[in-house]
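Here is a short briefing on one protein chain. The topics are helix packing, nonpolar cores and a strand pair.

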Amino acid sequence: MYDLIIIGGGPAGMTAAVYAARKKMDTLLITTDFGGQPMWTMEIENYMGYQFITGPELMGKFEEQVRRFSVKIEYQEATGLTVNADGTFTVSTAEEEHQAKTVILASGKRPRRLNVPGELEFTGRGVSYCATCDGPLFANKKVAVVGGGNSAVQAAIEVSSVGEKVYLISRREYIADPIIIDKMKEATNIVELTGYITKKIEGSQVVGKIVVQNCDSNEEQELEVEGVFVEIGLIPNSEFAQNVVELNQNNEVVTDCRTQTNIPGLFAAGDISNGPDKQIVIAAGDGAKAALIAYDYLLHKR
């Protein structure tokens with residue numbers, strides 16, 4: 001039985017692993033891959049110690065630090081979580097079950113889909129959820145970015161540096177940081193379509209156009225594009241624990257200021273939790289805090 005199982009390999013999970021290892025806790029890290037959402041971010045200018053760094057570069061440094069310690073890593077997906085009669089935990093994957101005295105949920109979030117005709121059919125054939133990953137594939141092409149938050153506006157900025165034209169489609173006024181909006185407005189090839197919703201995505205073998213509708217007039221408009229980047233938010237990867245731990249209306253794990261959930265010995269860190277701000281530095285801080293408090297929990301448990 002492990003002292004601690006950490007579920008998730010993003011900033012929160014990797015930081016928790018380092019802090020747990022430094023406390024000599026017998027730790028298992030379960031993740032499908034390393035990096036999490038920062039792997040989709042090209043420009044990071046607000047992580048302390050770096051004036052500028054890309055998401056993959058920063059996460060590479062996180063992973064390098066994790067591998068310096070004796071943390072066992074299983075590249076699997078957690079599919080179930082059970083609280084045992086003695087207060088320990090069982091974490092299930094498709095292949096096996098693992099036992100632990102404490103667990104940190106750090107499985108992050110995944111992209112939310114538009115759920116419009118054509119989206120699934122053209123995923124990977126013009127529809128993307130990662131401008132950082134796929135933006136360079138659309139050099140000198142017309143594309144659309146759907147969304148009005150930080151990720152959408154930043155995606156529009158990134159793709160505008162290589163694309164011919166970028167349509168930024170938002171249902172309402174932007175809810176992005178002013179500094180990002182200002183940078184977006186400096187681009188001469190971004191066309192803002194505020195007050196529009198996406199109706200469908202069409203094409204032949206690949207995306208050929210996107211159909212949008214004005215929210216006031218209901219008038220539809222066809223835009224010829226070869227790519228559509230969906231940036232409308234994220235969904236917590238909490239399904240495997242939904243019948244065990246308390247979740248809020250957004251399916252985020254409810255925690256207190258010490259990363260504790262309603263289950264003793266079960267903690268949550270990073271974007272899966274109900275913390276108000278989703279930032280790399282906050283996720284990393286959550287991970288450190290969760291590992292230290294898990295250690296303290298075991299120290300005082302009788």
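In this predicted model, helix 1 and helix 6 pack with their axes 7 Å apart. The angle between them is about 35 degrees. Helix 1 passes helix 6 in a right-handed crossing.

**Helix 1 against helix 6**
- Helix 1 makes the contact through Pro 11, Ala 12, Thr 15, Ala 16, Tyr 19 and Ala 20.
- From helix 6 come Ile 280, Ala 283, Ala 284, Gly 287, Ala 288, Ala 291 and Leu 292.
- By class, this contact has 11 nonpolar and 2 polar residues. No charged residues take part.

**Nonpolar cores**
- The largest nonpolar core has 32 residues. Ile 6, Tyr 47, Leu 58, Phe 62 and Ile 104 touch the most other members.
- Both packed helices feed this core: helix 1 (11–22) and helix 6 (280–300) each supply at least two residues. Strand 1 (2–7) and helix 2 (55–66) each do so too.
- Leaving out residues up to four places away in sequence, Ile 6 touches Gly 13, Ala 16, Ala 17, Thr 27, Leu 28, Leu 29, Ile 30 and Ile 104.
- Ala 16 appears among the contacts of Ile 6 and also in the contact of helix 1 with helix 6.
- A second, separate core holds 20 residues, including Tyr 2, Val 103, Leu 105 and Ile 272.

**Strands 12 and 13**
- Strand 12 (residues 196–203) pairs with strand 13 (residues 207–214) in the antiparallel sense. The pairing runs over 7 bridges.
- A hairpin of 3 residues joins strand 12 to strand 13.
- Which residue of strand 13 is the bridge partner of Thr 198? Val 212 is that partner.

Definitions and conventions. Residues are numbered from 1 along each chain as its sequence is written. This is a predicted model: local features need pLDDT of at least 70, side-chain atom pairs count only at pLDDT 80 or more; totals for chains, interfaces and linings use all residues. Side-chain values use heavy atoms; hydrogens and water are left out. Two strands pair if DSSP finds at least two bridges between them. Helices (H or I, at least four residues) and strands (E, at least two) are DSSP runs, numbered from the N terminus. A nonpolar core is a set of buried Ala, Val, Leu, Ile, Met, Phe, Trp, Tyr and Cys residues joined through side-chain atoms within 4.5 Å. Buried means under 20% relative accessible area, exposed over 50%, partly exposed in between (1.4 Å probe, protein chains only). Contact means heavy atoms within 4.5 Å. Axes are lines fitted to C-alpha atoms, for helices over the stretch in contact, and angles run from 0 to 180 degrees between N-to-C directions. A crossing is left-handed if the near helix is turned anticlockwise from the far one by less than a right angle, and right-handed if clockwise. Ala, Val, Leu, Ile, Met, Phe, Trp, Tyr, Cys and Pro count as nonpolar, Asp, Glu, Lys and Arg as charged, and the others, Gly among them, as polar.
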